[in-house]
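Colleague: Could you take me through one part of this structure slowly? I'm still new to reading these.

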Amino acid sequence: MVATGYYHFAQSTQPPGKMLEVGTNTPFPPFEYVANNTVTGFDIDAINAVAIRAGYSGIAVNDMPFDSLILALQEGQIDVIAAAMTITPDRQQQVDFTLPYWEADQAILVRKGSGFNPENMSDLAGKTIGVQTGTTGDYLAQQYNASLGPIKEHDTFLYAVLDLVNGRVDAVLVDSPVAAAFTSQYPVAESAIIKTGEQYGFAVRKGNTQLLNALNAALQEFKGSPEWNVLVAKYFSTNQQLMNENQQSVNPLQYVPYLLTGFYYTALLTAGGLALGSGIGIILAFAETYLPKRISELAAAVDQVLRGIPLLVMFFLLYFSLPQVGITLGPAFAAALGLGLRSGGYQSQIFRSTLESIGTGQTEAALSIGMNKFAAYRYVLLPQALRLSIPAWSNEFTIVLKDTSLAYALGVTELLKEAANIVALTLQPLGVYLIVAAIYFVASMGINRVMNVLYVRWKIPGLGGGT
Amino acid sequence: MPLLRVEDVHKNFGKQQVLKGVSLDINKGETKVIIGPSGGGKSTLLRCINLLIVPDSGHIFLDNEEVTGRHVNISHIRSEIGFVFQHYNLFMHLTALDNVKLGIVKVQKINEKEAEIRALKALKDVGITDDIVKHYPAQLSGGQQQRVGIARAIAMEPKIILLDEPTSALDPELIGEVLKVMEDLAESGATMLAVTHEMGFAQKAADEIIFLANGIVTEKGPPQELLFNPKQERTRKFLASLNELNSQLGRSGEE
């Protein structure tokens with residue numbers, strides 16, 4: 001009855017029609033993974049049921065790196081984490097957890113037929129262990145760090161298991177419900193279960209008692225309902241069924257349409273990044289080449305900073321750091337902006353070197369007929385510099401294209417992320433990533449061809465050597 | 001007051017004194033020729049007049065307006081001064097016609113149609129025929145390029161035209177066509193200040209020859225006087241070496 005009281009309290013304070021912003025991290029089947037372009041899984045279904053019981057109209061799912069979830073929660077980008085997150089004292093200092101909704105122990109996976117059958121952590125002494133970064137298996141391995149061999153941290157369990165299959169690690173620590181999904185699909189076996197008493201909870205922002213109470217009440221009600229049993233059966237009692245469902249089509253070519261959907265975002269990021277980069281590059285090159293010393297030095301410094309920051313760091317600064325000063329960007333926008341800033345730094349170098357090759361005579365002539373510096377740049381220097389820049393610029397084009405894959409880290413569903421989602425479902429990394437590589441290759445080659453055609457078409461006799 | 005007055009102009013590049021107090025006047029319709037050894041400050045002087053180089057001290061007046069004044073619109077003044085370069089400096093990405101049109105359209109803000117008429121007229125005046133007006137600079141001979149350079153300057157209808165060794169980068173057989181255009185220009189009443197060592201042109205067209213050496217005007221006077229009866233030893237030596245060079249090249253100063 002207390003629970004019901006909480007429930008009513010929660011319901012009366014939540015405006016109807018509001019969506020609960022949920023953060024998760026795919027692929028982590030069966031808890032969260034992407035199928036048919038939608039994030040789904042045990043956690044997603046569970047938090048959706050809980051949210052509706054708590055008076056929300058539904059959930060909006062934000063797929064992001066596991067390491068970033070707590071930060072995103074603290075920054076207010078999401079309301080709740082539903083990502084098979086284990087309740088640990090460390091995390092409890094950063095977030096508030098609901099009552100546990102799932103209890104998982106750690107399974108030790110080994111290669112089938114390897115003859116290696118560890119029964120506990122001590123048996124793993126000196127062995128190479130694969131884990132997923134930030135998971136309980138990772139923490140467990142770190143605790144035994146002194147006695148274990150090297151610990152290999154992976155983005156997802158899937159890659160840890162692939163490393164195990166390929167002999168790069170001797171054992172993998174995974175949450176036991178997931179272990180079953182892998183043992184049914186790969187030549188790996190579960191050699192032992194380590195009881196950790198590990199419990200998964202949903203996490204809310206520290207001090208957000210109202211939401212916490214509402215979710216707890218709704219969760220308790222949900223776990224007592226028949227729907228809970230249906231959900232558990234759907235994702236855990238028959239893992240084989242889940243995998244079979246997802247493996248109906250074994251030909252990776254069937255996934256090309258999905259990959260092309262991902263490529264659409266890759267193309268958008270490329271176009272956005274390049275356009276922004278050209279704007280920045282043209283302005284910086286002008287400032288560095290033609291403006292007074294103080295301004296040109298400032299432009300050169302900006303240029304160096306833009307080129308000096310690793311792209312991934314730039315992404316994280318824009319996506320995770322800016323919210324701390326009140327600027328919150330969407331992941332795709334942050335990625336396009338990061339690509340644009342970095343490319344601006346490189347494009348300014350391209351334009352600057354071509355501008356310098358044009359020679360002062362052109363500037364003198366433009367100034368002599370009464371143009372100011374800006375007009376001289378706009379009508380005389382830039383048209384020449386842009387034409388001469390095409391070969392170097394088409395190189396930059398393909399670099400930006402390929403670097404869009406780093407937007408994966410912000411959870412943007414571009415080509416690589418799409419592929420990772422499909423691999424998580426199909427467990428066919430060979431075929432899928434080969435297709436991805438082919439798509440990038442064809443796109444790069446296409447860009448180079450088109451640029452060559454444009455270079456020839458726009459070429460002016462005597463400009464840039466030859467006739 | 002003369003159309004152009006240059007008054008005690010100094011210019012240093014670092015420790016090197018390039019102009020050490022140069023003064024000269026040009027009245028409307030006059031043509032004056034500057035001669036002198038290389039490094040004597042001839043090009044620097046011309047570039048000071050349209051402020052491509054800012055003089056360290058001294059005053060320059062064009063049509064009663066002080067070019068070296070504090071609050072002048074430099075771009076506007078430059079648009080009133082035609083400049084012809086030794087290496088033509090045609091805009092490489094534009095056709096001959098567009099080279100001439102660009103300033104009319106973008107600086108004088110005259111509509112395309114009228115600009116084209118004016119540009120074609122200027123090109124015709126320098127003997128660039130309609131069949132090559134759509135050629136790019138690299139498709140033209142040096143003589144043709146320099147004539148387009150002159151057309152680009154005169155199409156702006158400038159108050160004065162400065163020519164910086166306009167024929168010295170040309171092959172000998174192409175010099176004549178450019179000199180002819182310059183002579184026609186002088187005859188038509190244009191005001192011109194030319195740095196050139198073409199003594200034939202100086203004799204025919206110049207009202208005065210100015211000998212500039214070591215950053216100062218060493219001697220000046222009408223062509224007949226300065227060429228055949230120079231007063232300074234320095235001028236005499238220079239003219240002698242110039243004659244020697246010209247006869248070695250098989251050309252005479254009086255062609």
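How many residues does the contact take from chain B, and how many from chain A?

Modeller: Sure! Keep in mind that this is a predicted model, where local features need pLDDT of at least 70 and side-chain atom pairs count only at pLDDT 80 or more, while totals for chains, interfaces and linings use all residues. Residues are numbered from 1 along each chain as its sequence is written, and chains are lettered from A and ligands numbered from 1 in the order in which they are written.

Now, your contact: chain B puts in 23 residues and chain A 21 residues. Two residues are in contact if their C-beta atoms, placed from the backbone, lie within 7 Å. On the side of chain B that touches chain A, the elements giving two or more residues are α2 (74-79) and α3 (96-106) of chain B. Helices here are DSSP runs of H or I with at least four residues, strands are E runs with at least two, and both are numbered from the N terminus. The largest share of that side of chain B, 4 residues, comes from α2(B). By class, that side has 11 nonpolar, 9 polar and 3 charged residues. Nonpolar covers Ala, Val, Leu, Ile, Met, Phe, Trp, Tyr, Cys and Pro, charged covers Asp, Glu, Lys and Arg, and the others, Gly among them, are polar.

Chain A also has an open sheet of 5 strands, ordered β9-β8-β10-β7-β11, with mixed pairing. Two strands pair if DSSP finds at least two bridges between them. At the edges sit β9 (151-154) and β11 (188-200) of chain A, each pairing on one side only. Strand β8 (residues 129-132) of chain A runs parallel to β9(A), over 4 bridges, and A:Ile129 stands opposite A:Ile151 in β9(A).
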